[in-house]
Amino acid sequence: MLKLFCISIIILSIISAFGQSTLEAPHQNISADSGVVYRLFATRNMYTFIKLNTRNGQMRQLQWGTESQYRLETTLSDISRVYKDEEKNGRFFLYPTTNIYSFILLDQIDGRAWQVQWGKEGERMVIPLY
């Protein structure tokens, strides 16, 4: 009886350990070409991507679907983060966070950063972190 009890405890412990989730940031599949103007960043929502203009930090939220009513491209931020003469391909990059709706936008030249939140209209925002 004691042997059966010990085996049950071990099995339950193993099942419990595998059932725990981690808060890892999602892996990004990024092109190795640093000279591109636009990059698509996957979100944890399988239907939503963020399109980043790597020259100036402007972003669009893209949603795809099998039915046309679910497909859209909408503005996430149309504010250029640099002056026109400071634009450079690959200057801006998005880093995922453990929050499904948030990314960090980084200016890879001067180090400024913003919290980017995508979502439904009224929930989207870009907030400076500096």
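## Glutamine 61 and its surroundings

Glutamine 61 touches Thr48, Phe49, Leu72, Glu73, Thr74, Leu76, Trp118, Gly119 and Arg124, leaving out residues up to four places away in sequence; contact means heavy atoms within 4.5 Å. Glutamine 61 belongs to strand 3, residues 59–63. Strands (E, at least two residues) and helices (H or I, at least four) are DSSP runs numbered from the N terminus.

This is a predicted model, in which local features need pLDDT of at least 70 and side-chain atom pairs count only at pLDDT 80 or more, while totals for chains, interfaces and linings use all residues. Residues are numbered from 1 along each chain as its sequence is written, and side-chain values use heavy atoms, with hydrogens and water left out.

Glutamine 61 counts as buried because its relative accessible area is 3%; buried means under 20%, exposed over 50% and partly exposed in between, with a 1.4 Å probe and protein chains only. The side chain of glutamine 61 also reaches the backbone nitrogen of glycine 119 at 3.1 Å. Such a polar contact is a pair of N or O atoms within 3.5 Å, where one must be able to donate a hydrogen and the other to accept it within protein, and residues adjacent in sequence count only if both atoms are side-chain atoms.

## The largest pocket

Glutamine 61 is also one of the residues lining the largest pocket, together with Asn45, Tyr47, Thr48, Gln63, Leu72, Tyr101, Trp118, Gly119, Lys120, Glu123 and Arg124. Thr48, Leu72, Trp118, Gly119 and Arg124 of this lining are likewise among the residues that glutamine 61 touches. The pocket holds about 160 Å³ of space, and its lining comprises four nonpolar, five polar and three charged residues.

On a 1 Å grid over the protein atoms alone, a pocket is an open set of points where a 1.4 Å probe fits, with protein on both sides within 12 Å along at least five of seven lines, and lining residues have an atom within 4 Å of a point. Grid points are joined across faces, edges and corners, and the volume is the space filled by probe spheres set on them. Asp, Glu, Lys and Arg count as charged, Ala, Val, Leu, Ile, Met, Phe, Trp, Tyr, Cys and Pro as nonpolar, and the others, including Gly, as polar.

## Lysine 51 in strand 2

Lysine 51 lies in strand 2. The C-alpha atoms of lysine 51 and glutamine 61 are 6.3 Å apart, with their positions 10 residues apart in sequence. Lysine 51 is partly exposed, since its relative accessibility is 23%.

The side chains of lysine 51 and glutamate 73 form a polar contact of 2.9 Å. Beyond its neighbours within four places in sequence, lysine 51 is in contact with Tyr38, Arg39, Leu40, Gln58, Met59, Arg60, Leu62 and Glu73. Glutamate 73 is also touched by glutamine 61.

## The nonpolar core

The largest nonpolar core has 14 residues, of which Ile50, Leu52, Met59, Leu94, Phe103, Leu105 and Val116 touch the most other members. Strand 2 (48–53), strand 5 (92–96), strand 6 (102–107) and strand 7 (113–117) each give two or more residues to this core, and strand 5 gives the most, with three. A nonpolar core is a set of buried Ala, Val, Leu, Ile, Met, Phe, Trp, Tyr and Cys residues joined through side-chain atoms within 4.5 Å.

Outside its neighbours within four places in sequence, isoleucine 50 is in contact with Arg39, Leu40, Phe41, Thr43, Met59, Arg60, Leu76, Leu94, Phe103 and Trp118.

## Three loop residues

Glycine 57 sits in the loop between strand 2 and strand 3 and is buried, because its relative accessibility is 0%. Apart from neighbours within four places in sequence, glycine 57 is in contact with Leu52, Ile79, Arg81, Phe92 and Leu105. The C-alpha atoms of glycine 57 and arginine 81 are separated by 5.6 Å, although the two are 24 residues apart along the chain.

Valine 82 and asparagine 89 share the loop between strand 4 and strand 5. Valine 82 is buried at 8% relative accessible area, whereas asparagine 89 is partly exposed at 25%. A polar contact of 2.7 Å joins the side chains of asparagine 89 and arginine 55, and Arg55 is also in contact with valine 82.

## The chain as a whole

The chain has one helix and eight strands, in the order α-β-β-β-β-β-β-β-β from the N terminus. Of its 130 residues, 27% count as buried. Among contacts with a separation of 6 or more, 34% join residues 24 or more positions apart.
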